[in-house]
Amino acid sequence: MTQQQMFGGSWTQQKLLILSKYLRAYRKIFDKNPRAQYFQVAYVDAFAGTGVIPRAEIEGTFAELIPGLADAEEEFRKGSVRRALEVDPPFHNYVFIERDRVKCGELSSFQREFSNRRIEIVNEDANAALLKWCKEMDAKRQRAVVFLDPFGASVEWKVIESIARTKAVDLWILFPYGAVNRMLTRGRKPSPSWCEKLTRIFGTAEWEKKFYSSSTTISLLDPDQSIEFVYKTADSNSVIQFFAERLKEVFTEVAKPGLLFNSRSLLFVLFFAASNKTGVKIANDLLRDIAL
């Protein structure tokens, strides 16, 4: 068993490494640029979890036999919350959103550990909390990076639209391609509940025309009856490009998407969108090795 198998997948580390590098570059811009120093900057993690990647148990004295493994494990298990809090100089404000009350309790330990950071923990559904946060944001005085790393297909398009309207947020979003693709059934259109969910994700029902086609033939048993056959025409590229085009409708700049695989298939697509060219240039550089 490899260290990656014990402590998580390589795709998890890819996304976290890219996010960490971006947050450091972002903070330097707002710290060094005299014009940018005017703004208060925030980091918002909308699906914060506990802030730590779950640990797999190591049997016996395995960790003791390999020098540095314990330190490597600690570094490997840092989630987006801790990585953001370790950025120096720090953000002026941190907002961690988590709807699970128990996980919020675990997140509170970061308030004690990083007592010199302004940390707000919001125990609420991420979609509702983000809509409220966007409404209260002062775009004339504030800037932010928002990270959306949902469990499953949880982010609604209206939230992305609301973030885009601020014109003050750099957005990183992990698009759950695997979950979306499972809902895009073959040989028939998705169930009504899945259709509704897909429409909330994409913000339009146009996905049906993009991802499916149909043909009609006369029934051999009843010439007066026609039979409709439905075909799924969507592949990974068409789904990714459709979501990218949707982002381009509301954001000024969208980076080339980054593909995140496990050992068998494409799981997630990492997107970056913003209202400025500086951010997308940095994001493109960071996503280059995994870009579509």
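What percentage of the 292 residues of the chain count as buried? I looked that up before anything else, and the answer is 47%. Note to self: this is a predicted model.

**Entry: the whole chain**

I went through the secondary structure next and got 13 helices and ten strands. For the surface, I have about 15,700 Å² accessible, with 50% of that belonging to carbon and sulfur atoms. I also checked how far the contacts reach along the sequence. Taking contacts between residues at least 6 apart, I find that 71% join residues at least 24 apart.

**Entry: salt bridges**

How many salt bridges does the structure hold? My tally says 13. Background for the pairs below: side chains of opposite charge can pair when their charged atoms come close. I picked a few to look at one by one.

**Entry: Lys209 and Glu206**

These two side chains meet in a salt bridge, with 3.8 Å from N to O. I wanted to know how open the two ends are. Lys209 is exposed at 64% relative accessible area, while Glu206 comes out partly exposed at 37%. The label for Lys209 follows because its 64% is over the 50% cut-off for exposed.

**Entry: helix 12**

I moved on to Glu245 and Lys248, a salt bridge whose closest N and O atoms are 3.6 Å apart. Where do Glu245 and Lys248 lie? I found both in helix 12, which covers residues 236–250. They sit three residues apart, about one turn of the helix. On accessibility, I have Glu245 as partly exposed with 40%, and Lys248 also counts as partly exposed, with 45%.

**Entry: helix 13**

Here I looked at Asp285, which forms a salt bridge with Lys281. The closest N and O atoms of this pair are 3.8 Å apart. Both residues belong to helix 13 (residues 277–287), and the spacing is four residues, again about one turn of the helix. Is Lys281 buried or exposed? I get exposed, at 55% relative accessibility. Its partner Asp285 is partly exposed, with a relative accessible area of 37%.

**Entry: a network**

Last lookup of the day. Which residues are linked with Glu156 in a network of salt bridges? I have Lys158, Glu196 and Arg200 joined with Glu156 there. So much for the charged pairs I went through.

Terms used. Residues numbered from 1 in each chain as written. Predicted model: local features only at pLDDT ≥ 70, side-chain atom pairs only at ≥ 80, totals over all residues. Heavy atoms only, no water. Salt bridge = Lys/Arg side-chain N within 4 Å of Asp/Glu carboxyl O. Buried < 20%, exposed > 50% of the residue type's maximum accessible area, 1.4 Å probe, protein only. Helix = DSSP H or I, 4+ residues; strand = E, 2+ residues; numbered from the N terminus. Contact = heavy atoms within 4.5 Å. Areas by Shrake-Rupley, 256 points an atom, 1.4 Å probe, with all protein chains shown as cover.
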